[in-house]
Amino acid sequence: MKIAVPSTKDNHVDEHFGHCEFYNVFTISEANEIIDIQSLKSAQGCGCKSGIAQVLAAQGVSMMLAGGIGNGAINVLNAAGINVVRGCSGNTSEIINRYLAGKILDSGLSCQHHNHDANHDCSHEN
């Protein structure tokens, strides 16, 4: 299994999916242990139109643990076969381990200024 986390340069979950510096992609063993971590540089801007969903899906990512993320980005990720857990914060490796232990659940909250579909024009402030 592979899990992606929008990350800052100090390996914390970025508070906003579309503004992250890069994505940490964790490869998880059948024993639920982290066996590899790769970093992908992020194209800054609106996450739902960045093309990152297809890039992550092509690498085998099936789950994203995110901080703040809008519904448009969630829709695009889901369409690419990537499930999303919202409301994560803290060190990326610690978040992965907490998720694997069943201690991370989706917050159910999306970024309010992103409540639109995947076909919108990104005109929100960055």
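Which residue follows α2, and what is the sign of its phi? Gly81 comes after α2, and its phi is positive, near 85 degrees. Please keep in mind that the structure shown here is a predicted model. The views below start with the whole chain and then visit its parts.

**View 1. The whole protein combines 3 helices and 5 strands.** Reading from the N terminus, you will meet the elements in the order β-β-β-α-β-α-β-α. The protein has 126 residues, and 46% of them count as buried. Its accessible surface comes to about 6400 Å², with 46% of that belonging to carbon and sulfur atoms. Among contacts with a separation of 6 or more, 52% are made by residues 24 or more positions apart.

**View 2. Strand β1 pairs with both β2 and β4.** β1 spans residues 2–7, and its antiparallel pairing with β2, residues 22–28, runs over 6 bridges. To find your way along this pair, look for Lys2, which stands opposite Thr27 of β2. With β4, residues 61–65, the pairing is parallel and has 3 bridges. Here Ala4 is a helpful landmark, since Met64 is its bridge partner in β4. Because 5 of the 6 residues of β1 are buried, the strand is largely enclosed by the rest of the structure. In a regular strand, side chains alternate between the two faces of the sheet.

**View 3. The largest nonpolar core gathers 19 residues.** The residues with the most contacts inside this core are Phe17, Tyr23, Leu56, Met64, Ile69 and Leu77. At least two core residues come from each of β2, α1 (52–58), β4 and α2 (71–79). The largest share is that of α2, which supplies 4 residues. Take a moment with Leu56: apart from its neighbours within four places in sequence, Leu56 is in contact with Ala4, Val25, Leu40, Val61, Met64 and Ile82. There is also a second, separate core of 13 residues, including Val13, Phe26, Val85 and Ile95.

**View 4. Helix α2 has several buried residues, among them Gly72 and Leu77.** Ala73, Ile74 and Val76 of this helix are buried too. What lies over them? The cover for the buried residues of α2 includes α1, β4 and β5 (83–85). Just past this helix you can return to the residue we began with, Gly81 and its positive phi.

**View 5. Thr92 is a buried residue of helix α3.** This helix covers residues 92–100. Is Thr92 buried or exposed? Thr92 has a relative accessible area of 2%, which is under the 20% limit, so this residue counts as buried. Leaving out residues up to four places away in sequence, Thr92 touches Val5, Ser7, Asn11, His12, Val13, Asn24 and Phe26. Of these, Val13 and Phe26 will be familiar as members of the second core.

**View 6. Two cysteines, Cys20 and Cys88, are buried.** The relative accessible area of Cys20 is 0%, while Cys88 has a value of 6%. Both residues count as buried because these values are under 20%. How many disulfides are there? The count comes to 0 disulfides.

Notes. Residues are numbered from 1 along each chain as its sequence is written. This is a predicted model: local features need pLDDT of at least 70, side-chain atom pairs count only at pLDDT 80 or more; totals for chains, interfaces and linings use all residues. Side-chain values use heavy atoms; hydrogens and water are left out. Buried means under 20% relative accessible area, exposed over 50%, partly exposed in between (1.4 Å probe, protein chains only). Two strands pair if DSSP finds at least two bridges between them. A nonpolar core is a set of buried Ala, Val, Leu, Ile, Met, Phe, Trp, Tyr and Cys residues joined through side-chain atoms within 4.5 Å. Contact means heavy atoms within 4.5 Å. A disulfide is a pair of cysteine sulfur atoms within 2.5 Å. Accessible areas come from the Shrake-Rupley method with a 1.4 Å probe; for residues, only the protein chains shown count as cover.
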